[in-house]
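Colleague: I have a few questions about the chain before I set anything up. Could you take them one by one?

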Amino acid sequence: TREPTSCGDSEMSSLFVQKPESVTATKGKDVTFVAKVDSSQLSRKPALKWLKGKWLDLASKAGKHIQFKESYDRNTKIYTYEMSLIKVVDADAGGYRCEVTSKDKSYSCTFEVSVQGRSGPLTLLFRNKKKLEGPKEEVDVWEILKAAKPCDYEKIAFQYGITDLRGMLTRLKKMKAESKKSDAFLKKLDAAYSADKGKTIHLSVELADPTATVKWLKNGQEIKPSAKYVFESVGNKRSLTINKCSLSDDAAYECQVEEEKCFTEVFVKEPPVTITKQLEDVHTVVGEKVEFEVEVSEEGANVKWMKDGVELNRDTAGSRYRFKKDGRRHILIINEATKEDIGTYYAFTNGGESQAELEVEDKELEILQSIADLTVKASEQAVFKCEVSDENVTGKWFKDGVEVQASERIRISHIGRNHKLTIDEVVASDAGDYTFVPDGYALTLSAKLNFLEIKIEYVPIEEPPKIHIDTSGCGNQNTITVVAGNKLRVDVEITGEPAPVTCWTKGDQVISEAEGRVRVEKEQTLSSFVIEGAEMEDEGFYTITVTNPVGEDKAEIYIKVVDVPNSPENVKCTSVGEDSATITWDPPSFDGGVPIKGYLMERKKVGTARWTKLNFDVYESNTYEAKKMIEGVLYEMRVFAVNSIGVSQPSSDSKPFMPIAPTSEPTRLVVEDVTDTTCALKWRPPERIGAGGIDGYIIEYCKEGDDQWVQANKELVEENDYRVKGLPVGEKMLFRVTAINIAGRSPPATLSQAITIRDIVENPKIRLPRNLRSKLIKLVGEKVNLVIPFQGKPRPVVTWFKDNVLMEDKSVGTRTSEVDTILFIRSAERRHSGKFTLSVQVEDMSECADIHIQVVERPGPPINVHVTDVWGFNASLEWKPPKDDGNCEIIGYTIQKCDKKSTEWFTVYEHNRRPSCTVSDLIMGNEYSFRVFSENICGLSNDPGISKNSAVITKTGLMYNPKLFKEVGMNHSPKFIAPLLDRSVIAGYNTAISCAVRGYPKPKIIWMKNNITIEGDPKFLMQNNQGVLTLNIRKPGLFDGGRYSCRAVNDLGEDQVECKLEVRGTPTRERRRGEEMSEAAEDTVEQE
């Protein structure tokens, strides 16, 4: 059943010639909808979309189930659009819309699809804002819609057959407005909002109470203010602004004031994909590759290809078509075009389309040799021959428009690109116009056969045979030259009566008269020697002998076969420059029988196929210098040999070569180390290296005053340092270094003065790592591995001490190399704690460094844990520190409680510093036990200390009877609670050293450097902040290094701490001299 569907206005009705109609389809059958659009009044082609529901663009669903077709009538200027649903299913039921867009106007027409077999839907149609017809069933759809959330509107509309969603929302909005006014809202949210992707949406309400607060929710989740969601409050207006809408913002939104809510739904429409670069028409020939390219506005978009209304896809196209995507570019590739590919090709997106025409023509046939007119005598042979460019082309021969049929006298042959018609024993009837027509081409080759009739009156004469050879055009007497591959025909006139018998021979071999490459053709007075496609083997002397009863004659002819020369051989590059190269080659092994005139050269870059000619006039020498090349680019060369016959085939490509120049000399050549027989050199790469890079270096040496340089390294050195060995002791030697690359040797870098070969004594120096300058703490069982570098020459003697005693502990291992020493302990134990001293000695000079190692573990449990007092809901605990502190300070205690009823332990305090605590909030009537864990830097003790007695919280006696206050004496001697730490600083940067002291009365503080009191020096600033003592040193120099100590004194005693301050500077001679003077002064003070 079909029913007509009206459109919105008269202009749209005039634009639609035929509109799609609503239909009831049978499940499993096909159905087609047709829309016709008149484009006679439009300036450009209209765009048509098929939509389902509100926004679903069916172009994105195109495939086997939904198919589209478009055609155009040029006479009526009417576009016909078709949409086919293949094998209709239940999900196809619903409302559809056909939308036509022209310029900035959009026209639409709606229709419905019902599927037989489904439960009968309630069809509600709204037409031009007419009054809604009553439902046919006893179901109040509007009550369902008013009670539902906006996010369920579309589902309900589909269930009850409502297709005009916009009319439904308008009617629903009016019905809600007629309902009871809200107490909280003066103006609620609209029923729905819509916006394009990337745009902004404003949702606003008006409240009855201007001071009320609102909550905004999205799909039931509260929205927080952000750059995307902006809340505004002006008077009683509240608004939500959603910036840069995305598809995730398509949801249901709520505005809540206390217990009242209002709902709305936001629809986000994704913009269509447009075509930014149109298809272009293609004109090609059969067998060529064709590419149609289109560019769209977004990456990842779907593009549908069609040819003459038929969709092209990977399933239907097979290997004939290929589809390629490259970002926003989509390409349709036809591998080998044929006449069947001619047509119109379309590219469709959901926002546009493009089309282009493909024209395919046959390849043109090139005539290499046409047939020529012939004039022959009776009984002679006539041969028509032609050559075309395609050896696969066949053809037919015609005489005066009638096809020539082969017979014993007429032969038709086709060999490769040559077509031949041979007529033996020509008669007068053979004269006429002959034509060759290639099959499949609108092309003819024509020639004429003229018959020459000669009447001879016979007079019997006897004459001895005579050979008449014309060699006037040859250089030497009876020598004929022919180019290899060409045809040679030697016509020799013979006279004599009666007709003589002719015989051609080459040596002892008689040349037959049968058809072949080398043959003899005879006429009445002419003997022709023919060679088809001369070869080098055909060269030699040929003899012609003629005899008759009267006599005999004989002549000898020398046939010389010449050819283009062979290719030059052994092309190679012998040397290169910065932008040039010298190329040499050997002459060809065969010159073709004529002298070589010269050579032609070509070059190309490696990786390209384009050869560049280097000379247009022949070059006579076998050595050529190619110029104007780019440094660092690989080139190849080839050479052609030229003689008077022509140009040879190219030679084999030379090995790739690169125009480069040698580098500049190495820089900063210095001596790094000298021993009795070796010298270590160090240098920097050349300033100018070039494209050739550096293959390595050559190191040479000679005695001072001698000019005989000796190479020290057999192979190239790739590093920038090298130790020359085997040098004579005490000799003065000069050294130089040369850089090598493919272009050759660079200028050498030479030492400015000779070096005496002998050991250099260097004071020992220990480079103690920063992490070892303070105490190193390790857990029991951990691995200790300390690497300490040192310097000194000759090789220092390294000794380890522990607590100032030579280390003999076998569990502590050491290993020493020329530049460092390693101390390692596989499993640390507490007995390994202590001071390790490293001593490095060179001859009578030595240096020492101390390393403090502390090996720690978890502490033991506290002891003597007991409850000292119980009052109210409180209990007082005391305990004593553990006997074993794990070899480090106890940093706190963890207290836990347990009541007798639950027998579960709960933590009361963590990190409690004192050996006592008060546990509060105990429950009346319960009896509690307590346990205490001690804690150090390794963690809590494995076992707790458990209280010896328990605390019973009784129901009476809640009054607390405090003990008498016992006066505690505050006076005690000074004691440093934070020591001074050794430091290493850089000269010129402000620094400070700090410690902390406790004592009462307040102690007097004295700062000392190298046991000398620091007083009145503005460079030092001393501060005391509640027992934290700081000595600030302004821009210390090398002389400020030394031992600093701080002494605290009061009436009850004194205490002192000290540290070592090392001031480091740049390794210049002046600063080294300053260090030595500082150390000398320090030694003097210590001796004093």
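Colleague: Where does Pro-794 lie?

Modeller: Keep in mind that this is a predicted model. Pro-794 follows a cis peptide bond from Lys-793, with omega about -10 degrees. Strand β64 covers 784-793 and β65 covers 797-802. Pro-794 is in the loop between β64 and β65.

Colleague: Which residue does a cis peptide bond join to Glu-497?

Modeller: Omega of this bond is about -10 degrees. The partner lies in the loop between β40 (488-497) and β41 (501-506). The residue is Pro-498.

Colleague: Is Asn-804 buried or exposed?

Modeller: Asn-804 is found in the loop between β65 and β66 (805-806). Its phi is positive, about 65 degrees, although Asn-804 is not a glycine. The relative accessible area is 59%, and the cut-off for exposed is over 50%. So Asn-804 is exposed.

Colleague: What is the relative accessible area of His-911?

Modeller: His-911 lies in strand β74, residues 905-912. Phi of His-911 is positive too, near 55 degrees, in a residue other than glycine. His-911 counts as partly exposed, with a relative accessible area of 49%.

Colleague: Now the charges. How many salt bridges does a search of the whole structure find?

Modeller: Side chains of opposite charge can pair when their charged atoms come close. The cut-off here is a side-chain nitrogen of Lys or Arg within 4 Å of a carboxyl oxygen of Asp or Glu. The search of the whole structure finds 39.

Colleague: How many residues apart in sequence are the parts that Arg-489 and Glu-521 tie together?

Modeller: Arg-489 forms a salt bridge with Glu-521, and the closest N and O atoms are 2.8 Å apart. Arg-489 lies in strand β40 and Glu-521 in strand β43 (residues 518-522), so the pair ties together parts that are 32 residues apart in sequence.

Colleague: What is the relative accessibility of Glu-521?

Modeller: Its partner Arg-489 is partly exposed, with a relative accessible area of 36%. Glu-521 also counts as partly exposed. The value for Glu-521 is 22%.

Colleague: Which strand holds Lys-682?

Modeller: The side chains of Glu-672 and Lys-682 meet in a salt bridge, 3.9 Å from N to O. Glu-672 lies in strand β53 (residues 667-674), so the pair ties together parts that are ten residues apart in sequence. Lys-682 lies in strand β54, residues 679-684.

Colleague: What is the relative accessible area of Lys-682?

Modeller: Glu-672 counts as partly exposed at 48% relative accessibility. Lys-682 is partly exposed as well. The relative accessible area of Lys-682 is 40%.

Colleague: How many residues apart are Glu-857 and Arg-830?

Modeller: Glu-857 forms a salt bridge with Arg-830, the closest N and O atoms being 2.7 Å apart. This pair links distant parts of the chain. Glu-857 is in the loop between β70 (845-856) and β71 (863-871), and Arg-830 in the loop between β68 (820-825) and β69 (834-842). The two are 27 residues apart.

Colleague: Which residues do salt bridges that share partners join into one network?

Modeller: Arg-489 and Glu-521 are both members. The full network is Lys-487, Arg-489, Asp-491, Arg-519, Glu-521 and Glu-532.

Colleague: Is Asp-430 buried or exposed?

Modeller: Asp-430 is found in the loop between β35 (418-423) and β36 (432-438). A polar contact of 2.5 Å joins the side chains of Asp-430 and Arg-409. The relative accessible area of Asp-430 is 5%, and the cut-off for buried is under 20%. So Asp-430 is buried.

Colleague: Which residues gather in a patch of negative charge on the surface?

Modeller: Glu-361 is one of them. Glu-361 lies in strand β28, residues 352-361, and is partly exposed at 40% relative accessible area. The patch is Glu-280, Asp-281, Glu-359, Glu-361 and Glu-364.

Colleague: How far apart in space are Ser-40 and Thr-76?

Modeller: Ser-40 sits in the loop between β4 (31-38) and β5 (47-52). Its side chain makes a polar contact with the side chain of Asp-38, at 3.0 Å. Ser-40 and Thr-76 are 36 residues apart in sequence. Their distance in space, C-alpha to C-alpha, is 7.9 Å.

Conventions
Residues are numbered from 1 along each chain as its sequence is written. This is a predicted model: local features need pLDDT of at least 70, side-chain atom pairs count only at pLDDT 80 or more; totals for chains, interfaces and linings use all residues. Side-chain values use heavy atoms; hydrogens and water are left out. Patches are made of residues with over 30% relative accessible area and no salt bridge: like charges are joined within 9 Å, nonpolar side chains (Val, Leu, Ile, Met, Phe, Trp, Tyr) within 5 Å. Accessible areas come from the Shrake-Rupley method with a 1.4 Å probe; for residues, only the protein chains shown count as cover. Lys and Arg count as positive and Asp and Glu as negative; His and the chain ends are not counted. The place of a charge is taken as NZ of Lys, CZ of Arg, CG of Asp or CD of Glu. Helices (H or I, at least four residues) and strands (E, at least two) are DSSP runs, numbered from the N terminus. Buried means under 20% relative accessible area, exposed over 50%, partly exposed in between (1.4 Å probe, protein chains only). A polar contact is a pair of N or O atoms within 3.5 Å; within protein, one must be able to donate a hydrogen and the other to accept it, and residues adjacent in sequence count only if both atoms are side-chain atoms.
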